[in-house]
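Here are my comments on the model you sent, set out as numbered points. They move from contacts and cores to ring pairs, and then to the sheets and the helices around them.

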Amino acid sequence: MSQNYLLEIGLEEIPAHVVTPSINQLVERMTSFLKENRLSFDKIEAYSTPRRLALKVIGLADKQEDIEELAKGPAKKIAYDKDGNWSKAAQGFARGQGVSVDELFFQELKGVEYVYVKKFIAGKSAKEVLTSVKEVVMEMKFPTMMRWGSNDFEYVRPIRWIVSLLNDEIVPFKVLDLETGRKSQGHRFLGKEVEVKNADAYPECLKQEMVIADAKERKEIIMSQIDELAKKNSWNIVVDPDLLEEVNNLVEYPTVFAGSFDEKYLSVPDAVLITSMKDNQRYFYVEDSDGKLLPHFVSVRNGNSAYLENVVSGNEKVLTARLEDAKFFYEEDQKKTISDYVERLKKVMFHDKIGTIYEKMERVALIAAYLGKHLGLSKTQLADLKRAAMIYKFDLVTEMVGEFSELQGVMGEIYASLFGETDAVASAMREEYMPTSSEGDLPESTIGAVLSIADKADSIQAFFSAGMIPSGSNDPYALRRQALGIVRIALDKGWNLSVPLLHEAIMSAFKERGDLYANIDPEKNYAGVKDFMFDRVAQIIGSNNDVGRDALAAALANKDNEFVSVLEAAETLTKHASDDDFKETIEALTRVSRLAKKADFEAASVDESLFENDSEKKLYDACSNAQKGYCCKSYEDKYQALHGLKGAISEYFDATMVMADDEKVKHNRLSQLVLLSNLTTAFGSLEELNVK
């Protein structure tokens, strides 16, 4: 007969962003625990609030499955003594397994006979197994941990109670000095202690004490009340999924309410108002049918509707104070010029080991100009890029960004437009920060994209030069995200950007303005930068399920290649991996590459007068033909060019001894193979391909 098991961990309030990952972790750990302990079940239902992580195992088996397994002992040659009796080793093995020597038998394993015994292990009852759930509870990991009392034990927040019920029976275990029971807690202010009679009664028990334990149900209640408000007032309430998730994890009994603010604050940019409401106060903002911001906000109370007018009034006062500050900052910021702000940046440190933000902008301007010319930007675009690079950090010293740091870049764009900058320059102020997360939106404009790449490239090289290199999970300057951003932008735009090109741009800036690199050696740790960047290339392209792993490994081997070329090379190799003659083609080309490595030179001319057979001439002509326009061909055409050499390569090796006794002949033949091998480097290292 199946059973249901309830586990609830009662805690002090958990940070909202930790609740969902924590309950998911608890479900995963419980699932693994039950599987490892051979306890079958139908499903696991999850419950979570700011004060509890709980789950209910539905359809749990009464007991573990019985198992019969083989235990291996010593080899047959040492299982008997010289008289043919069981040796001490065999007898000790039998005792260790709890059986007599009469139950031992031999079985062959990889050509050797060993002693074995069959063991029957009877399954334990579910209740007996579940006492070990203590391990599941105590082994949980969280992004922030704390200790309480005199214990060394760490958890996300202090544990206050634990409910552990198999149907209606308590499953006993202790966490620290806290024993499991059936008593839970209702809402902190509106409920009281509640006794859970059995596992099935759990959700309803808590509802009676003003707790909606099911996070999905709470979210549905919130959305239903928001929809009702929207219909009643003809509003469009903008519900950000991430904010909804956060708000849902802040409450146990949700009640939605609406508040208002003075229309005079609508003169402040929408981005500022939305940040004040959404990011600072966790409010949902309101628009009319045309998408225009309205002087209203919507929030969620952790409680019922009693005295709701007091809650509304209190929230309106808090928001008004923030908006009053924002309005003041906005007006004050416009009393200065961009030049005033840029001048102040000369005294603001980017990092004490690197220099000021002003110096960084000057370096980035030179790097961006180099990249802009390489990418073929027009004169107008280059002029806009130069202007953007000279001022793009100015908003960091405005009052608004000083108060609302989330608005850096956003206020740059707004103020740049107000101060008369072109649209291209203004948008670059915001786009330079993009992407703001590993999967965030990318810059749309060319100017913004180039500036973003230049800024990120400068940061990565500067921090690497200063020895501040990310390690493990430690990445305080978000260099991994910035490297991902460079690669993602390059792939999105289809630009021929590579690590060597970025380094060329940095070195060009260094040669032009060495004074900007007083604390930075741009050559230092360049190899580390290259590896670091290509780890990000591997991460991005590797997430593409259409690219084979070995094809990606091959393409990544050439760290001088453009990022877009790595992608195209990997895609092309993956595409042809199923061709009937793919194996023969790759084997022929890799044979060339392996022999070419024996040469102590990277490139040389071939002397046709030293050819001793027709196959040499045939391969030379075929290779010369493949070389024509090779660098400008698509990767599909490059592959076809290499594929077309397969026959000539086979004939060549059948008729030619590369490592000839005559040094001139040997050098000439190696030169020919080096030239051919150099063509394959467009695809990285073909030796990484699995064609066996």
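1. Contact is taken here to mean heavy atoms within 4.5 Å, and the model to which this is applied is a predicted one. Leaving out residues up to four places away in sequence, Val487 touches Met533, Arg536, Val537, Ile540 and Phe563. Val487 belongs to helix α18, which covers residues 479-493, and the residue is buried, with a relative accessible area of 0%. As a reference distance, the C-alpha atoms of Val487 and Asp240 are separated by 28 Å, the two residues being 247 places apart along the chain.

2. Phe563, one of the contacts of Val487, deserves a separate look. With residues up to four places away in sequence again not counted, Phe563 touches Ile486, Val487, Ala490, Leu491, Leu497, Ser498, Val499, Met533, Phe534, Val537 and Ile541. In the largest nonpolar core, which holds 136 residues, Phe563 is among those that touch the most other members, together with Leu371, Met400 and Phe683. Which helix gives the largest share of this core? That share comes from α17, with 11 residues. Another core, of 38 residues, lies apart from the largest one, and its members include Ile14, Phe33, Ala126 and Val156.

3. On the aromatic side, the count comes to 23 aromatic pairs. A pair of aromatic rings is described by the distance of the centres and the angle of the planes. For Phe142 and Tyr155 the centres are 4.9 Å apart and the planes stand at 70°, and because an angle over 60 degrees counts as edge-to-face, this pair is assigned to that class. Both residues sit in the loop between α5 (133-138) and β7 (159-166), 13 residues apart, and Phe142 is buried, as is Tyr155. Ring pairs also join Phe142 and Tyr155 with Trp148 and Phe153 in a cluster.

4. How are the rings of Phe464 and Phe532 arranged? Their centres lie 5.1 Å apart with 55° between the planes, and the pair is classed as tilted. Phe464 is in helix α17 (residues 446-465) and Phe532 in helix α20 (residues 526-542), so the pair ties together parts that are 68 residues apart in sequence. Since buried means under 20% relative accessible area, Phe464 falls in that class at 2%, and Phe532 does so at 8%.

5. Two placements of arginine relative to a ring can be added. The charged end of Arg536 sits over the ring of Phe532, 4.7 Å from the ring centre, and Arg536 is also one of the residues that Val487 touches. Elsewhere, Arg363 lies over the face of Tyr517, at 5.7 Å from the centre of that ring.

6. One open sheet has three strands in the order β4-β6-β5, with antiparallel pairing. Its edge strands, each pairing on one side only, are β4 (67-75) and β5 (105-109), and neighbouring strands are turned by 45° against each other on average, with direction ignored. β5 and strand β6 (residues 112-121) run antiparallel and are joined by five bridges, with Glu108 standing opposite Glu113 in β6. Helix α3 (residues 88-97) packs on this sheet, where α3 touches β4 and β6, and the direction of α3 makes about 160° with that of β4.

7. Another open sheet is built from four strands in the order β13-β15-β16-β14, also with antiparallel pairing. The edge strands are β13 (236-237) and β14 (254-260), each of which pairs on one side only. Strand β15 (residues 284-287) is joined by three bridges to strand β16 (residues 293-302), with the two running antiparallel, and Glu287 stands opposite Leu293 in β16. Helix α9 lies across β15 and β16 and runs at about 10° to β16, whereas α10 lies across β14 and β16 and runs at about 50° to β14.

8. The last point concerns helix α15 (residues 410-418), where Met411, Gly412, Ile414, Tyr415 and Ala416 are buried. Among the elements covering these buried residues are α9 (270-280) and α10 (308-333), together with α11 (338-344), α14 (399-403) and α16 (423-431). After α15 comes Gly420, whose phi is positive, near 90°.

Methods
Residues are numbered from 1 along each chain as its sequence is written. This is a predicted model: local features need pLDDT of at least 70, side-chain atom pairs count only at pLDDT 80 or more; totals for chains, interfaces and linings use all residues. Side-chain values use heavy atoms; hydrogens and water are left out. Rings of Phe, Tyr and Trp (its six-membered ring) pair if their centres lie within 6.5 Å; planes under 30 degrees apart count as stacked, over 60 as edge-to-face and the rest as tilted. Buried means under 20% relative accessible area, exposed over 50%, partly exposed in between (1.4 Å probe, protein chains only). A charge sits over a ring if NZ of Lys or CZ of Arg is within 6 Å of the ring centre and within 35 degrees of the ring normal. Two strands pair if DSSP finds at least two bridges between them. Axes are lines fitted to C-alpha atoms, for helices over the stretch in contact, and angles run from 0 to 180 degrees between N-to-C directions. A nonpolar core is a set of buried Ala, Val, Leu, Ile, Met, Phe, Trp, Tyr and Cys residues joined through side-chain atoms within 4.5 Å.
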